[in-house]
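Here's a quick briefing to read alongside the structure. Have the sequence open as you go, since the notes hop around the chain.

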Amino acid sequence: MITFDQVSVQYSDAAAPALSGVDLTIPEGELCLLVGPSGSGKSTLLGTVSGLVPHFTGGVLHGRVTVGGRDTREHRPRELADLVGTVGQDPLAHFVTDTVEDELAYGMESLGLAPDVMRRRVEETLDLLGLADLRDRALGSLSGGQQQRVAIGSVLTVHPRVLVLDEPTSALDPGAAEEVLAVLQRLVHDLGTTVLMAEHRLERVVQYADQVLLLTPGAPPVLGEPADAMAHSPVHPPVVGLGRLAGWDPLPLSVRDARRKAAGLRTRLDGLHPDATPAPTGAPVAETGRLAVRRGPVPALRGVDLALHPGEITALMGRNGAGKSTLLGALVGLHTPAAGSARVGGLTPHRSRPADLIRQVGLVPQDPRDLLYGESVTAECAAADADAGAAPGTCRALVERLLPGIADTTHPRDLSEGQRLTLALAVVLTARPPLLLLDEPTRGLDYAAKSRLVEILRALAADGHAVLLATHDVELAAELAHRTVILADGEIVADGPTPEVVVSSPAFAPQVAKILTPSPWLTVHQVERARERRMSRPTPPDGPVPPGSPAPPPGPLPLGSPLPLGRPVPLGRRSVATLLLTSLVGVAAFGWPLLAATDSALVGHATDAPWLFALLLPLLLAVVVAQISEGRTAGGGAPGLDAKSVALLGVLAAAGAALRPLGAGTAGLEPMFFLMVLSGRVLGPGFGFVLGSLSMFASALLTGGVGPWLPFQMLAMGWVCLGAGLLPGPATLRGRRELALLAGYGAVASVLYGTVMNLQGWPYIAGLASSISFVPGDPVSANLVRFAAYCLTTSLGWDLPRAALTVVLCLGLGTPLLRALRRASRRAAFAAPVEFRPPGEAP
């Protein structure tokens, strides 16, 4: 079903290949699990199957990838949509519609399926994934785990032959994860669907895999039986770690197989017990009393009593939607209690100033993007150091300790899910607040990164910090938490020492506890330490290193590297020719009356001329068509407006069209000008011309302003944006100098726009004073003098306020908007080359 023929991938801005030496075949109807540490190329390999690599990302793909007989070099992602379904790490980035039911139906609508088929499949998927009660809910109101189930369901409704899943269970509670995996098993076994899945939580999925593809940095990929791969994999689940420790051969992959081998190990552990956890001392750093919180009509918390003590790590567990994130939010003042109380460090969170509250509590939310606003990892870390009053480099050292190898110049929102979470965690840890709240802190982290996180949180607890982490990761809770609290429907149903709570709960028990029950062992580390004590071998001062953990990370990366610049959308020859032709016709359309003779038939029919010049409209649209038609071919081809460019064009044109009516009719104020100028600057003259024209067209449709003047407005605004794209220093000029340049250009362009539009209508206005009237057949110089007088006396009062507003907006909002546009252009990789090379050619 999926064939990799000597595949390697080299991104244009990378020094080394992201993936190399993949030469294998994945048969139809099998579940293949991708295993490997972070940075080993799992997401890149998944992208090659869906065609996103390199069609979307750019870069060079050596070799050939075929899916269901289709060569991804010749078929773009949209041409594989009926064959390959993809779910990424971030469900919010996957959504297109507003409600659960609409999202499930969207993919089928795009493929043109019949309504009765769509209805049946939606109902089946709602039942399969336990979403029936959520069908009418807004996607933004769902918990992270519920959103992930909807994202998976929206792909399943299309019935693809290949499913590509990037950490599909990372935000799901154990029960929901089992349900999703059971659905995948049915698809594989009953329908012959091929599933290619990358997942860090191997304890959930490895027993279901038919094959494991092991990716190790610096080594060729290995495809084989799961037990064989786990025998030498640097990352593995606890059941495999316990099997390695006990010397079991073959290695078990499931709890059931391990229990059959564990009798001897249980005997050797008789009489031994895990290290006891001391009871917390000191006054609580946070308390809730009968706390109740409503999220709209939904009661999210009901009478919660909780006390968090210094030096204690508490795991907050429960199914998706149980109220875990709401409880964390209430402790940082994000939610106002409907009843009861919450106190943190003597403060009432929802009534306290943020500046006071951040000294008492820090929250790492489930979506770490809520905390990240810097332009690079370096900038984010520097801001965190400054806010916390920490020594420079403190935050960056934490990032490197948690997840080595994150580049300084990378924009935080361009990081992977796990990398973003690591950065946000480091930002919060830099201030070392007395109470630390973490919402799903191991989502996207591999086992090595998780081990480093455990070390850091233990050190914080040893220093007297209280830690409350909401998690579905039962292995993390077993390894780290002194105490476990279980929520259900907003109420606490269990609260006590972790060994007592998790061992008594089949849903939240870790693998080692299930294997060695009724003994009180929770983790491989506990078993290893017990064996060492029995053998009278001292434990290393810092504790044992988990099997398969990598060497300690190197020091932090050098700081201060320049940020990568965004690239404009390139123009092909066809687009340049169409653009020049349109501009020449536009110049003639605006200026022909000045050159017409007195007895010209055209002058005699001057009132009809604007309608004739409306023929400019199809010519303007031809520029858009020319650019789209020059989109890159599978082999590279001419540049143009690809799907990414068209999407960005639509967003910016909609924003421009929405801004224009805000100032219409008020002294000429038009706030859309500053957006057009900045967009043309970043995205280039060709894209700018199309954006300006399309924004005017969309605005006219929105406000009912369609008339003979519309093509002229489109042309004039296109020239404004085109000029912004031709300003000097696009790759070097930054900061205040660039803002001053753009503000000055915006002022001049605002006045010139009004002047050019005056030229379009002035010759046809009757009844003006002779000193400002157009006189057919007079010398051009005389008419231009009258035209200047006309502009000064009639329109300058509109043009100057437009120019002033553009200057103010460029100077006030220019910096964040330029950053956002440049990041979007970097992220979209408009100019990134796409290249395919045949199998066997050296990278």
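Asp489 sits in the loop between strand E18 (483-488) and strand E19 (491-497), and it has a positive phi of about 50° although it is not a glycine. Keep in mind that this is a predicted model. The notes below start with backbone oddities, then move on to salt bridges, helix H3 and a buried loop residue.

**Backbone oddities**

- Gln6 is another non-glycine residue with a positive phi, about 50°, and its place is in strand E1 (residues 2-10).
- With a relative accessible area of 37%, Gln6 counts as partly exposed.
- Gly112, which follows H3, also has a positive phi, near 75°.
- The peptide bond from Asp249 to Pro250 is cis, with omega near 0°; Pro250 is in the loop between helix H9 (238-246) and helix H10 (255-261).
- A cis peptide bond also runs from Thr517 to Pro518, with omega near 10°, and Pro518 belongs to the loop between helix H20 (511-516) and helix H21 (524-534).

**Salt bridges**

- The count of salt bridges comes to 28.
- Why do such pairs form? Side chains of opposite charge can pair when their charged atoms come close.
- Within helix H4, Arg120 and Glu124 are four residues apart, about one turn of the helix, and they form a salt bridge whose closest N and O atoms are 3.5 Å apart.
- Both partners are partly exposed: Arg120 has a relative accessible area of 43% and Glu124 one of 36%.
- Glu440 pairs with Arg201, with the closest N and O atoms 3.4 Å apart.
- That pair links distant parts of the chain, 239 residues apart: Glu440 is in the loop between strand E16 (435-439) and helix H17 (447-462), and Arg201 in the loop between strand E8 (194-198) and H7.
- Are these two partners buried or exposed? Glu440 is buried at 2% relative accessibility, and Arg201 is buried at 5%.
- Arg822 and Glu738 meet through their side chains in a salt bridge at 2.5 Å, N to O.
- Arg822 lies in helix H32 (residues 796-828) and Glu738 in helix H30 (residues 736-761), so this pair ties together parts that are 84 residues apart in sequence.
- Arg822 and Glu738 are buried too.
- Asp5, Arg64, Asp71 and Arg73 are joined into one network by salt bridges that share partners.

**Helix H3 and a charged patch**

- Which residues of helix H3 (residues 100-110) are buried? They are Val100, Glu103, Leu104, Ala105, Gly107 and Met108.
- These buried residues pack against H4 and H5.
- On the surface, Asp98, Asp102, Glu109 and Asp136 gather in a patch of negative charge.
- Asp136, one of that patch, is in the loop between helix H4 (115-128) and helix H5 (144-156).
- Asp136 counts as exposed because its relative accessibility is 61%, and the cut-off is over 50%.

**A buried loop residue**

- Val206 is in the loop between helix H7 (202-205) and strand E9 (211-214).
- Despite that loop position, Val206 is buried, at 0% relative accessibility.
- Leaving aside neighbours within four places in sequence, Val206 is in contact with Leu33, Pro226, Met230, Pro237 and Leu253.
- One of those contacts, Pro226, is 20 residues from Val206 in sequence and 7.0 Å away in space, C-alpha to C-alpha.

Definitions and conventions
Residues are numbered from 1 along each chain as its sequence is written. This is a predicted model: local features need pLDDT of at least 70, side-chain atom pairs count only at pLDDT 80 or more; totals for chains, interfaces and linings use all residues. Side-chain values use heavy atoms; hydrogens and water are left out. Patches are made of residues with over 30% relative accessible area and no salt bridge: like charges are joined within 9 Å, nonpolar side chains (Val, Leu, Ile, Met, Phe, Trp, Tyr) within 5 Å. Accessible areas come from the Shrake-Rupley method with a 1.4 Å probe; for residues, only the protein chains shown count as cover. A salt bridge is a side-chain nitrogen of Lys or Arg within 4 Å of a carboxyl oxygen of Asp or Glu. Lys and Arg count as positive and Asp and Glu as negative; His and the chain ends are not counted. The place of a charge is taken as NZ of Lys, CZ of Arg, CG of Asp or CD of Glu. Helices (H or I, at least four residues) and strands (E, at least two) are DSSP runs, numbered from the N terminus. Buried means under 20% relative accessible area, exposed over 50%, partly exposed in between (1.4 Å probe, protein chains only). Contact means heavy atoms within 4.5 Å.
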